[in-house]
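Please open the model in your viewer and keep the sequence panel beside it, since each stop on this tour begins with a selection.

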Amino acid sequence: MHPVRKKRLTIILFLLAGLSVAVGLTTYALRQNINVFYDPSEIAAGDAPVDARIRAGGMVEAGSVVRSSEDLTVRFRVTDYAEAVTVQYTGILPDLFAEGQGVVAIGRLQADGTFVAEQVLAKHDENYMPPEVSDSLKKAGHPGSDAGASAEKTGY
């Protein structure tokens, strides 16, 4: 093989190896930051992964909010009107958080079925509902779940 061709081939192989490493590291980093949404029916059916960072959402079940007297821990149930999941959150809840309102919680599902939230997001006005929550309510056949129509305009 001619020395010039050998040198070009070596350079091309190093570039391909470097590109492969860069793509691999990028894919690995992105995989850890993806938060897939699960509604309470999917979580109750066992479709949601345990101890992986996910998003869960639905409506806060009336009468389910229990606040700890010792710290900022709050337990409440999120429902899609077919199933419900207990959510535990330690911190200050958004001002718009209330029973009967739509929420999306980001956190991890525990083996006992409790969802431990790192962050709770509440809807920002009376017409908006996160698109995932609206879709899960529609799947459950709950009337009045068309509020998510404005979701495409505003995002979440």
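The model on screen is predicted, and a good place to begin is residue Val104, which is the bridge partner of Gly57 in strand 6. Select the whole of strand 6, residues 102–109, and you have an element that is mostly covered, with seven of its eight residues buried.

**The neighbours of strand 6**

Now add strand 2, residues 53–60, which runs antiparallel to strand 6 and is joined to it by seven bridges. Then add strand 7, residues 115–122, which is likewise antiparallel to strand 6 and connected to it by seven bridges. Within this second pairing, Val103 stands opposite Ala122 in strand 7. If you follow the chain from strand 6 into strand 7, you pass through a hairpin with five residues between the strands, where Gly113 takes a positive phi near 95°.

**The whole chain**

Before going further, show the complete protein chain, which has four helices and seven strands, arranged along the sequence in the pattern α-β-α-β-β-β-β-β-β-α-α. Of its 156 residues, 33% count as buried. Among the contacts between residues at least 6 apart in sequence, 51% join residues at least 24 apart. The chain exposes about 9700 Å², and carbon and sulfur atoms supply 56% of that area.

**The nonpolar cores**

Next select Phe76, Val103, Phe115 and Val120, which are the residues with the most contacts inside the largest nonpolar core, a set of 21 residues. Strand 2, strand 4, strand 5, strand 6 and strand 7 are the elements that give two or more residues to this core, and the largest share, four residues, comes from strand 7. To look around one member, centre the view on Phe76, whose contacts, leaving aside neighbours within four places in sequence, include Val60, Val65, Val85, Phe97, Val103 and Val120. Apart from this core lies another, of five residues, among them Phe37, Met59, Val104 and Val133, so that Val104, where the tour began, can be selected again here.

**The salt bridges**

How many salt bridges does the model contain? The count comes to three, and the side chains are best shown one pair at a time.

Select Glu118 and Arg53 to see a salt bridge in which the closest N and O atoms are 2.9 Å apart. Because Glu118 lies in strand 7 and Arg53 in strand 2, this pair ties together parts that are 65 residues apart in sequence. Both are partly exposed, Glu118 with a relative accessible area of 42% and Arg53 with one of 31%.

Move on to Glu61 and Arg77, which form a salt bridge with the closest N and O atoms 3.3 Å apart. Here Glu61 sits in the loop between strand 2 and strand 3 (66–67) while Arg77 belongs to strand 4, so the pair ties together parts that are 16 residues apart in sequence. Glu61 is partly exposed at 26% relative accessible area, and Arg77 is partly exposed at 31%.

Then return to Glu118 and add Arg108, for their side chains meet in a salt bridge at 3.7 Å, N to O. This pair links Arg108 in strand 6 with Glu118 in strand 7, ten residues apart. With Arg53 still displayed, you can see that salt bridges sharing partners join Arg53, Arg108 and Glu118 into one network.

**Two loops with positive phi**

Most residues other than glycine have a negative phi, and the next two selections can be viewed with that in mind. Choose Asp51, in the loop between helix 2 (40–44) and strand 2, which has a positive phi of about 65° although it is not a glycine. Is Asp51 buried or exposed? At 51% relative accessibility, Asp51 counts as exposed. Then choose Tyr81, in the loop between strand 4 (73–79) and strand 5 (84–90), where phi is near 70°, again a positive value in a residue other than glycine. Tyr81 is partly exposed, with a relative accessible area of 44%.

**A patch on the surface**

For the last stop, turn to a surface view and select Met1, Leu9, Ile12, Leu13, Leu16, Leu19 and Val23, which form a nonpolar patch with about 720 Å² of accessible area together. Finish on Leu19, which is placed in helix 1, residues 3–33, and is exposed, with a relative accessible area of 52%.

Technical notes
Residues numbered from 1 in each chain as written. Predicted model: local features only at pLDDT ≥ 70, side-chain atom pairs only at ≥ 80, totals over all residues. Heavy atoms only, no water. Buried < 20%, exposed > 50% of the residue type's maximum accessible area, 1.4 Å probe, protein only. Pairing = 2+ DSSP bridges. Patch = residues over 30% accessible without salt bridge, like charges linked within 9 Å, V, L, I, M, F, W, Y side chains within 5 Å. Areas by Shrake-Rupley, 256 points an atom, 1.4 Å probe, with all protein chains shown as cover. Salt bridge = Lys/Arg side-chain N within 4 Å of Asp/Glu carboxyl O. Core = buried A, V, L, I, M, F, W, Y, C linked by side-chain atoms within 4.5 Å. Contact = heavy atoms within 4.5 Å.
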